Structure formats: structure tokens, C-alpha cells
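Welcome! Please have a look at the sequence and the structure below before reading on.

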Amino acid sequence: MIDATIPNRTCLQLKVVQWALPMAVIVCIGWTGMLVADEPPVKAKQAVEAVDDPFPTRHPTPDLDGGVEWLNAAGPISLKELRGKLVLLDFWTFCCINCMHVLPDLAYLEDKFPNELVVIGVHSAKFDNEKETGNIRKAILRYEIKHPVVNDAEMTIWKKFGVNSWPTVVLLDTEGKYCGYVSGEGNRELLEKVIERLIAFHKFKGDLDETPIRFDLERNKVQEMPLRFPGKILVDEANQRLFISDSNHNRLVVCSLDGALIDVIGSGTIGQKNGGYEDAQFDHPQGMCLVEKMLYVADTENHLLRTVDLTAKTVLTLAGIGGQNRTRTPGGPLLETALNSPWDLTVIDNTMYIAMAGPHQIWSHRLGSDLLWQYAGSGREDILNGPLDKAALAQPSGIVNDGTNLYLVDSEGSAVRMVSTSRKNDLEHPVGTVTTIAGPHDLQQGRSLFAFGDVDGKGDKARFQHPLGIAFHGGALFIADSYNHKIKRVDPKARTVATWAGTGKPGTELAPLQLSEPAGLSISKGKMYIADTNNHRIVVVDMNTKEAQELLIAGLTAPRPAEVLDTADDVETAKSFVVDSQNLKPGDGINFDVAIELPEGFKLNELLPVSYRLKVDGDQALIATEYLNSKQTAVSEGTNAKFTVPTVVKKGKATILLSVTYGYCRDGNNGVCKIGTSHWRIPISLQDGASADTVKLNVKAK
């Protein structure tokens, strides 16, 4: 297994251990990323230079059976089906901020090694709500995951692989044998180096299968909608408007309290671009706060704080460097200090307080200054009361104030906390305390992180399940108890907790009100506005009658999707089969019949119809230009694909560059489907005297 540690910032150790046995080999990668140990000896260059096995003590692994259900796949996947591929198993749970931070690294590796590497997510839940397949499906959509995920609800696969923490990534070779593991986040470079060495070895060995694989992604089963996983919501009572973080559309929506669209802030494309509303870019923004005519935004996955000038209609970056802070930096200049998943914001006495979910802390910034600092939280993930610098928080995800104190929800500790503030505080060295109003705290050995549930009551006896949102109104706190699909009312003085809305079951009914992982709340003039995140809607509840209705925003549509370049079936002339000249009868089109020979036990994938693309080499007047350089669909008959390319003249010549792409899967409900693409260079002549009327081609899938 691979255990990555950085004991002195000079050497990153890869501990490769025998399956369930003591450590066998140590490979050391220098801080620069260069392999400095366990390198193959220098040898005289030969025609084919040997590549040493980087993991000579690999051992067999258990298979991936034992999961409840597979997602992002047509069915269960076995390691046998992935022979020839390197496999990364990502053991994760969707509540965990560290697991979220690993996902961009996995996407990077998937993009860099698209035909050599397969990532499999093994979702081994922490919270009860996370064991439900439907909720995992929504998390896959929310996090935009593009690889298969198995619901390991009973932690069967987790136990078989000996995993003990989230996140953990396990690396397997082309034979499904165990190379090692690495736990925690921030291991992209280490994994990249190891994968590169494994690819080189298995290419030399000749057992690396570089056939593209296609999975049946959940995102292909859903329709676009005006809002997509809205995270937070803010009422501007003075101007009778709402600000909505349309998080998965990477934008902010501004509307009136009755749903009239006022503005859309952001293009919808992921990025960090500043500028006007139409050009500015965000990456899954969350919390907001408003100070006069300036809106402050937690641009969460950009690890930035942004400002929106509501008069000039421009977006600027206030703080952060655009990358994640992986250290315990105490703070510093706004645009020189890296941030780590800022999730929500609030302002007291001209000081902004930031719920920094990544390092489990609250940060502060005096508006108008050039600095920001850690304010509360030691950085340890736990629920511990005490002085600001000694207390422990656990992924704070919502924050509000009553004008004097801060109130926050610690989502991973399922607790409601209070943090003192003072106008006299030196923000670089603040003085104050953190206490727990409701939920577990100060339990031994971090057990507060696992003391969750759905229990109304008082103080330490009350239980929440991963709350994400909080609002202060009329002396009371209202909590979006996200994984319980409820809104709860908390009296901060009496420390009492009571369910206020929601049945406890996810759903879309308005009477009685059902919610699905609500994450944001805001209250104004007797109305509660709820970001009903997994239902992709805003719900308005009358505080007196508790009658609920959905807020429909007239004229709001989903942003135009970013253009995706279709390169999977581009013609590669260098790899084309050169076909003898084809003399065909004159006619109105050129008929093609492609016979696809599949491996035993495979069938063509109906969800990925056979497609083709044409180019021509040189000048020609046979085929109209509108039929060139565009993807077309063929008709499948058994394992044959047939299509006709119309011609503009009955006779003539052309040299065609043809690309045919096809998907094929194993019989049954298996989840692995491969993609094949073949290319031909075909001289064609439509002429009198020819007897053939069809170009017949053959291809053998790997």
C-alpha cells in the first residue's frame, strides 16, 4: 500500500506493503518529484530498453463485489473486466471536504491518462443519509463525477481492502494486483509519477490495454433546469430582492421576492475571470453577504472571495490566489494568501467572518484593509469548546450573527456553535471563546464527529445530521439540518431544539413540506426562503402558517453548455488502413458496410450508436461539403454498421478519409463498455462498367 507522508518536506515516501503484511519496499520521491530511490540501474542502450517493474511484490486483491448498487455504469464492474487497465479505487463519502478536494485530482488523472487508467469510486458512507443510493446519485451529479461509483453501504469493500480513513486511494496494476494506497488529500503529483512509471512498465511488458472505455453516466439521464443544486440564498430586505447561489451553474441569480428575474451574474462557465456580469466566472459559489451596494461571495471551488459591485455590475477578486491552501497559513495579504474552500460569510461591525470549511476554521477580514487572518479554530477536525485558538471546529458550512456573536453549523460534527466577537479585537491575535449550543462536543477520541442523528431536545442531547445552513431571526436560530431533510428551530439561550419543517424523508411535496438536503436559509418579513438544494428549487415558507410554495423565477434558463470538442472519433490519417481503390457503379450515393468483429461475449452498445465521420484528401467534386467533417449515425444490423453517403454527381473520384466509432459491452448487466475507432483511407471511383455498389470494410475490436 502507498502511505504518503511529508516528515521534513524533503522526501515523500511511498510505502509499498504486502497485502495485509508488513512493509516490503520503500520508494522515495524527492520534493522536486524526481525519483531518487529504487531506480533501475543504468544499462547500455539496446534496440528496446527494458523497464524495471516498480512494484515487484504486488499481490492479488479482493474483487469489488459486496456493493449495494453501481452508479455511473450500466451494471456491476469486476476487476476481471478491467484487465489491461490501471485502476484507482477512491474510497470516499460525499459529506467529507477532504474527499471533495480529491475529486479534481482524480479528474486531472482521468484526463491525462484517458485510455490507460480507470477510476472507480467506492462510496463507503459516514452518515446514514449517505447510504441511500439515490442520495449518492445526486452527489455524483452535484460533484460532476465522470467515473463509476459503487455504493458500499455496508462497508464491505472498505473492510476487504483494509481501509481506515476517508479519503483513501488504492492503486491496482493491469492484472488487478495491489500496488499500494495513499490517504488524505494533496497527492496528485505523487499519484501522477507512480502511474507514469506503471504505464511505462506495462507498455514494455505488452499487457496495457489502451482501448477507450465508456461508462453510462448519470448526467446523461437528467434534463437541464433553471437552477442546479442551489447552495445558499440571501434576502436583501431593503431592496426586496433575493440573491441565489446557483452553484452548479457557476453563477449567481438575482430576482425579486415574487420571482421576477433581475440579473444573472456570471457566464456559467467554470473559471476565475473578473469583469461584467456576462463575462465573469465562478466555480460552484456558495455563501454571500451584502454590505450596502457590495455583494461578497464565497467562490468555494476557486478558493477565492469575490466582490460584486451591484452598481457598476462588475465582479472582482477580493482574496485568494486561485488555488487551495494546503498549509496552516495564519493569514496575510488578501491577494497573496491562499484560501481553502470558503463556504459562507457574515459581517459584524465592518468585519467579515468567513466559514473556511477546508481547514475547519473561521477567518476574518476587516473591510477596507488588505489583510485577512485565522480567527477561530486550531485546525483540528473535532467539536471542542475553548479559547478561539484552542477550540476545534469540523467543516463549518454556514455562519450568521446576532450583532454580537457568531453562530455557525459544523457540518461534520453535526453541531451548532457560538463564537464570541469584540470590536476591540486585534484580528491577528483575537481573544474570545467557542461554545456549543446544541449537539455533541468534547467527546473523547473524536467521537463527536460520529454522534449524529435526528433528535429534538436540549443542548448536548440534541442531534443533527450534517447541517449546512443557518439563519438568525427573532432571537432564534433556524438550522438547515441537511441530511435529515428538515428545518429545525434552536433557542440559543435555552439551548432547545425542535423540528420546525420537513418530514425527515427526502421528497418534493409542499403539503406537508418535504425537502432534499436543504443547504441555505434566509428570512425576511415573515417569510423563510430555503435553498432546497437537491430538489433544484427555492421554497418560500410563511413563518406563521408554515404554508410552503415554490418560487418560480420567470425567464430564468440554464446557461448555454460549454462547447465540448468531440475528438474521440477524429480521423487519424497516420493510423489509417489504406484500402485498395474501390470502383463502384454510378449512383446517387456511396454505400458502406462495416463488419465489426467483437470479442467473445460482447455486443454492440445500443446506448452508443455506431457513428462515422468523413474527410477528403485533396480536391474533389463528388461529395457535398455539408457531409464532410460532421458526425453521422450509422444503422446497425447485428454486428454490421451500414450507411450511405450522398453524392452530388453520379460519376467522379475522391479519396475518402473515413472514421468509424462503435461501443461494445459484455452481455448481461455488466458496467464496462469499451469504445473502438477505426480509420481508413479509401480511393473511390464511381464509373461505368463497375459491378460493385458497396464499400465493404472489416474491423476487429480489441
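The notes that follow go through two helices, the nonpolar cores and some aromatic contacts.

## Helix α2 and its surroundings

Keep in mind that this is a predicted model. Let's begin with helix α2, which spans residues 133-143 and is mostly covered, with eight of its 11 residues buried. Those buried positions are T133, N135, I136, A139, I140, L141, R142 and Y143.

What lies against them? The cover over the buried residues of α2 includes the strands β3 (69-71), β4 (86-92), β5 (117-123) and β6 (149-151), together with helix α1 (97-112). Just after the helix comes E144, which has a positive phi, near 55°. At the end of α2 there is also a charge over a ring: R142 lies over the face of Y143, at 5.2 Å from the ring centre.

## Helix α1

Helix α1 has 16 residues, and the distance from its first C-alpha to its last is 24 Å, close to the 22 Å expected at 1.5 Å a residue. Its buried residues are I97, N98, C99, M100, H101, V102, L103, D105, L106, L109 and E110.

Among the elements covering these buried residues are β4, β5 and α2, as well as β7 (168-172), α4 (188-205) and β20 (342-348).

## The nonpolar cores

The largest nonpolar core has 40 residues, and the members that touch the most others are L88, L117, Y143 and I195. Two or more residues come from each of β4, α1, β5, α2, β7, β8 (178-183) and α4. Helix α1 gives the largest share, seven residues.

For a closer view, try L117: leaving aside residues up to four places away in sequence, L117 touches L86, V87, L88, L109, E110 and I195. There is also a second, separate core of 33 residues, which includes V594, I656, V660 and Y662.

## Aromatic contacts

How many aromatic pairs does a search of the whole structure find? The search gives 17. One of them joins F91 and F161 in a tilted arrangement, 5.8 Å centre to centre with 50° between the planes. This pair links distant parts of the chain, since F91 sits in strand β4 and F161 in the loop between α3 (156-160) and β7, 70 residues apart.

Are these two rings buried or exposed? F91 counts as buried because its relative accessibility is 0%, and F161 counts as buried because its value is 1%; the cut-off for buried is under 20%.

F91 and F161 also belong to one aromatic cluster with W158, W166, Y178 and F450. F450 has a charged neighbour as well: K126 lies over the face of F450, at 5.1 Å from the ring centre.

Technical notes:
Residues numbered from 1 in each chain as written. Predicted model: local features only at pLDDT ≥ 70, side-chain atom pairs only at ≥ 80, totals over all residues. Heavy atoms only, no water. Buried < 20%, exposed > 50% of the residue type's maximum accessible area, 1.4 Å probe, protein only. Helix = DSSP H or I, 4+ residues; strand = E, 2+ residues; numbered from the N terminus. Contact = heavy atoms within 4.5 Å. Expected span 1.5 Å × (residues − 1). Core = buried A, V, L, I, M, F, W, Y, C linked by side-chain atoms within 4.5 Å. Phe/Tyr/Trp six-rings, centres within 6.5 Å; stacked < 30°, edge-to-face > 60°. Lys NZ or Arg CZ within 6 Å of the ring centre and 35° of its normal.
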